[in-house]
Amino acid sequence: MSSLSNLLSEIVGRVFAAEGLDAVFGKVTLSNRPDLAQFQCNGALAAAKASKQPPRAIAEKIAARLKADPIFREVSLAGPGFINLNLADDHLAREMNRIHADARLGVSPRATPRTVVLDYGGANIAKPMHVGHLRAGIIGDSLRRIYKFAGDETIGDVHLGDWGLQMGMLISELALRRPDLPYFDKSFTGPYPKESPVTLAELEEMYPKASGDSKADPARMELSRQATAELQDGRPGYRALWQHFFDISVVALRRDYGNLGVHFDLWKGEAIVHDLIAPMIADMKKKGLVEESDGAEIVRVAEPTDKHEIPPVILVKSDGAFMYATTDLATIVDRVKCQNPDLSIYVVDHRQGLHFVQVFRAAKKAGINGKGELVHLGYGTMNGTDGKPFKTRAGGVMRLDDLYQMVTDEAMKKLDEHEIGSDYEAAEKLDIAHKVGVAALKFADLSNNPIANYVFDLDRFSSFEGKTGPYLLYAAVRVKSLLRKAREQNDTPGTILPPEPGERDLMLALGQLPDAIETAYADLAPNKIADFAFTLAQTFSAYYANFHILSETDTGIRRSRLAIAELVLKELELCLELLGIATPDRM
Ligand code: ARG
């Protein structure tokens with residue numbers, strides 16, 4: 001992708017090659033001494049080792065050639081062989097006009113697009129979705145947007161937890177409460193009622209009861225297990241109930257994910273791959289990978305180089321039940337069949353790290369992942385201000401719809417404090433509060449490296465000052481309103497002129513967008529985009545304080561500044577979109 005640094009790396013690389021040295025030594029980065037230069041190249045030092053020449057001599061030869069290139073305003077040497085570079089102002093302006101005119105803002109798409117499946121849902125049917133699933137959704141959806149923008153074909157899969165013991169618990173619970181229902185009558189020949197026998201609220205009340213009772217009482221647990229086994233064997237009444245539970249849960253899950261602007265392309269779950277399990281295990285047996293151990297069927301995945309013990313994958317427990325790993329393996333089979341991805345990214349809590357090591361190894365041993373690379377992005381824990389995993393004030397797990405309400409309320413409070421929207425229609429103000437609330441939540445999450453733990457502090461996240469979502473929204477909205485006012489006075493953005501001294505920093509910042517997106521893509525790190533957006537907003541804010549835009553009397557300069565402002569807005573909006581954050585029109 002062609003950021004300013006990348007363009008310069010190509011130029012300087014060609015000069016190294018012309019000196020008979022490897023072009024990779026020409027790598028140019030933003031200078032770490034911006035007071036001295038805009039860019040730097042340290043390649044002469046590495047080239048010196050490789051070619052047994054003194055670094056300073058190499059740097060001098062490279063610098064002499066670069067000085068002849070009018071793209072540079074200044075080329076100088078420092079220390080043992082660092083090359084400092086300043087771009088010519090008219091070249092900087094040319095670059096700005098190029099990205100301003102480009103729909104992709106200078107970010108080139110990948111040369112070889114890939115098919116990428118992203119697994120970032122994992123919410124469980126009948127259990128209310130809680131903050132544990134929040135990070136998966138926020139990070140995964142942002143990665144999906146980043147990959148899609150890069151040109152890949154992306155498939156976001158919600159991969160619901162809709163199979164296994166929790167379903168048997170619910171079915172047996174309902175059987176105890178309503179034995180009269182036709183679902184429990186083995187002689188009933190159907191058709192079963194179209195309406196669900198329970199509401200979502202009942203389902204959510206039934207689960208903790210069933211789970212608590214099963215844990216406390218082995219006889220009750222046996223009922224749960226029995227129901228699970230019969231469901232998986234295809235007992236018609238149980239399948240019909242399962243479908244009801246699935247359908248009513250999905251309505252709520254779609255609402256919860258939708259409120260947060262987290263999108264999925266596929267609403268599949270664990271249940272859907274059930275029928276793939278038996279043939280998959282048969283195939284693994286044929287390949288000689290399955291062993292019997294205490295009545296269970298296992299695949300050994302330990303390797304001699306392991307530093308910790310990696311236990312075998314259990315495919316079938318001694319009671320005949322399939323395991324979480326079994327379903328994940330069958331899901332790989334299903335994905336190869338349906339999408340044949342080049343890459344699958346699992347955005348799942350880091351505490352499931354061992355599970356994915358086991359599953360990925362077993363998949364590769366059995367060759368079921370086809371051409372697809374498998375990656376687990378294990379995100380860190382969201383902690384409360386007390387440093388422990390986040391809980392509600394009452395000590396329980398926070399439900400996602402409550403959290404959504406909470407961030408909206410907090411945003412409303414902040415809007416009132418800043419007297420924003422006091423003269424707007426109530427519906428618009430509420431819409432702004434939703435957007436500010438979600439921005440606060442998502443930006444706070446995405447401005448951290450996904451693998452780090454972070455502390456959930458709603459008051460700080462919702463502030464309009466500092467590195468927050470609301471600050472960025474406000475910055476973007478401010479530029480929107482500036483451009484609106486310009487249109488009202490019939491001013492349009494024009495050609496960007498060579499920078500005045502105080503404008504260079506902003507232009508250099510604008511030229512770094514492709515780097516931010518490229519690193520976020522390569523490192524699975526949306527925080528690179530969050531960092532970039534924040535720096536850009538701050539740089540623009542300093543610029544806006546020093547440069548008049550609408551009141552500038554020279555038309556050429558005014559229209560150049562308007563174009564710069566417009567480019568800032570486009571880059572900010574793209575970054576926010578890639579983070580999954582929606583921007584209001586006004587605030
Ligand atoms: N349902 C699981 C849970 O709540 C998460 C599923 C994550 N995805 C996967 N392919 N295993 O822990």
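## Helices, strands and overall size

This protein has 20 helices and 13 strands, and what you are looking at is a predicted model. Measure out a box along the principal axes and the C-alpha atoms fill roughly 90 × 70 × 45 Å. The chain runs to 587 residues, and 44% of them count as buried.

How do distant parts of the chain meet up? Take the contacts in the protein with a separation of 6 or more: residues 24 or more positions apart account for 73% of them.

## Around the ligand

Which residues surround the ligand? They are D119, G122, N124, H159, G161, D328, Y346 and V348. Sorted by class, this shell has 2 nonpolar, 4 polar and 2 charged residues.

Let's pick out H159 from that group. H159 sits in the loop between strand 6 and helix 6. It is buried because it has 28 C-beta neighbours inside 10 Å, and the cut-off for buried is 20 or more. The backbone of H159 has something to show as well: its phi is near 40 degrees, a positive value in a residue other than glycine.

## Helix 3 and its two faces

Helix 3 covers residues 55-67, which makes 13 residues. At 1.5 Å a residue it should span 18 Å, and its end C-alpha atoms are indeed 18 Å apart, so the two values agree.

Which residues of helix 3 are buried? The set is P55, I58, A59, I62, A63 and L66. These residues cover an arc of only 130 degrees around the axis, so they end up on the same side of helix 3. Now turn to the face pointing away from that buried side: there you find the exposed residues A64 and K67. As for what covers the buried residues, the list includes helix 1 (4-18), helix 2 (43-51), strand 3 (72-78) and strand 4 (82-87).

## A closer look at L66

L66 is a handy residue to zoom in on, and it lies in helix 3. Is L66 buried or exposed? It counts as buried because 20 other C-beta atoms lie within 10 Å, and 20 or more is what the label asks for.

Leaving out residues up to four places away in sequence, L66 touches V12, V15, F72 and V75. You can also compare L66 with I11: they are 55 residues apart along the chain, and their C-alpha atoms are separated by 8.7 Å.

## Strand 5 and its partner

Strand 5 (residues 115-119) is mostly covered, with 4 of its 5 residues buried. It pairs with strand 6 (residues 153-157) in the parallel sense, over 5 bridges. To find one spot along this pairing, look for L118, which stands opposite G156 in strand 6.

## Helix 11

Helix 11 (residues 324-338) contains Y324. The helix has 15 residues and reaches 21 Å from its first C-alpha to its last, close to the 21 Å expected at 1.5 Å a residue. Its buried residues are A325, T326, T327, D328, L329, A330, T331, I332, V333 and R335. What do the buried residues of helix 11 pack against? They pack against strand 5, helix 10 (274-286), strand 9 (313-316), strand 10 (343-349) and helix 12 (353-366).

Y324 itself is partly exposed, because 15 other C-beta atoms lie within 10 Å, which falls between the limits of 12 or fewer for exposed and 20 or more for buried. Y324 and H355 are 31 residues apart along the chain, yet their C-alpha atoms are separated by 8.8 Å. Just after helix 11 comes N340, which takes a positive phi of about 45 degrees.

## Backbone oddities

A bit of background helps here. Most residues other than glycine have a negative phi, and most peptide bonds are trans.

E419 is one to check against that rule: it has a positive phi of about 50 degrees although it is not a glycine. You will find E419 in the loop between helix 13 (400-417) and helix 14 (426-446). With 8 C-beta neighbours inside 10 Å, E419 counts as exposed, since the label applies at 12 or fewer.

Where is the cis peptide bond? It joins G190 and P191, with omega at about -5 degrees. P191 has its place in the loop between helix 6 (165-177) and helix 7 (200-216).

Methods: Residues numbered from 1 in each chain as written. Predicted model: local features only at pLDDT ≥ 70, side-chain atom pairs only at ≥ 80, totals over all residues. Near = placed C-beta within 6 Å. Nonpolar A, V, L, I, M, F, W, Y, C, P; charged D, E, K, R; others polar. Helix = DSSP H or I, 4+ residues; strand = E, 2+ residues; numbered from the N terminus. Expected span 1.5 Å × (residues − 1). Arc of directions from axis to C-beta. Contact = placed C-beta atoms within 7 Å. Pairing = 2+ DSSP bridges.
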